[in-house]
Amino acid sequence: MTTKQAYKTTYISLPGNKNITSKAQHNKSIKVTPETKCSFCPGTICCTYFTEQVDTPRSKKDFDHLLWQLSHANTQLYKDEEGWFLLVNNKCTHLQSNGQCGIYETRPQVCRDYSNDFCESDEPATKHFELFFDGYDALVKYCKKRYKNWDKRFKT
Ligand code: SF4
Ligand code: SF4
């Protein structure tokens, strides 16, 4: 599984069949099938964040820009085999408390395209991260290691 399959990128990956019924969560007799799988997903994982691919950072300026982005709440950064991605851990405003999509009939195309064949309920996307920065401090630490003169980058 690639992280693109597991993590929503530009290409956000979202469930396409989430209006099935949350009742399945309470009915253990219901078989888990592609049609009912999302109803069994605790927290409706893939509707609780999105990711956006960013250019591979190559300079101190690039990393400084990423630090600005990671200064914002609930924003993280990772790198996998496909590149670098911002991970924004804010749940979709249409996600209802029962796990259903509040705009199911008119949900965006990315939600329709997403397949739950093998998703985060099967394997955490983090398993494929090569680098992960959970916030500003983690990226600063990386920058200081990568650039010996990192702290002097604003000095002329
Ligand atoms: S993570 Fe998988 S099972 Fe859970 S809601 Fe999304 S597509 Fe469905
Ligand atoms: S629009 Fe619906 S399916 Fe798409 S992320 Fe939001 S709650 Fe999930």
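## A helix against a four-stranded sheet

On one side of helix α2, Lys 61 and Trp 68 are exposed, and this side lies opposite the one that holds the buried residues of the helix. The model is a predicted one, and in it α2 spans residues 60–70, with Phe 63, Leu 66 and Leu 70 buried. Seen down the axis of α2, these buried residues fall within an arc of 55°, so they line one face of the helix. The cover over that face includes β2 (75–80), β4 (131–133) and α4 (136–146), which brings two strands and a further helix into the description. As for its placement, α2 lies across β2, β3 and β4, and runs at about 135° to β2.

The helix is thus best read together with the sheet that it crosses. That sheet is open, has 4 strands in the order β1-β3-β2-β4, and is built with antiparallel pairing. Its edge strands are β1 and β4, each of which pairs on one side only, and the twist averages 20° from one strand to the next.

Going through the sheet in the order of its strands, one begins with β1 (residues 50–54), which is joined to β3 (residues 83–88) by 5 bridges, the two strands running antiparallel. In this pairing Val 54 stands opposite Trp 84 of β3. Between β2 and β3, which also run antiparallel, there are 6 bridges, and these two strands form a hairpin with 2 residues between them. Here it is Lys 79 that stands opposite Trp 84 in β3, so that Trp 84 has Val 54 as a partner in one pairing and Lys 79 in another. The last pairing joins β2 to β4 by 3 bridges, again with the strands running antiparallel, and in it Leu 77 stands opposite Phe 133 in β4.

Beyond α4, in the segment that follows this helix, is the place of Trp 150. Trp 150 counts as partly exposed because it has 16 C-beta neighbours inside 10 Å, where 20 or more would make a residue buried and 12 or fewer would make it exposed. Leaving aside neighbours within four places in sequence, Trp 150 is in contact with Lys 60, Cys 143 and Lys 144. Its C-alpha atom is separated by 8.9 Å from that of Val 140, which is 10 residues away along the chain.

The model also contains a ligand, ligand 1, which is surrounded by 11 residues, and the closest of them are Cys 38, Cys 41, Cys 46, Asn 116 and Cys 119. By class, the residues of this shell divide into 6 nonpolar, 3 polar and 2 charged.

It remains to set these parts within the whole chain, which has 4 helices and 4 strands and, read along the sequence, follows the pattern α-β-α-β-β-α-β-α. Of its 156 residues, 26% count as buried. Among the contacts in the chain with a separation of 6 or more, residues 24 or more positions apart account for 70%.

Notes:
Residues numbered from 1 in each chain as written. Chains lettered and ligands numbered in written order. Predicted model: local features only at pLDDT ≥ 70, side-chain atom pairs only at ≥ 80, totals over all residues. Near = placed C-beta within 6 Å. Nonpolar A, V, L, I, M, F, W, Y, C, P; charged D, E, K, R; others polar. Arc of directions from axis to C-beta. Contact = placed C-beta atoms within 7 Å. Pairing = 2+ DSSP bridges. Axes fitted to C-alpha atoms, helices over the stretch in contact; angles between N-to-C directions.
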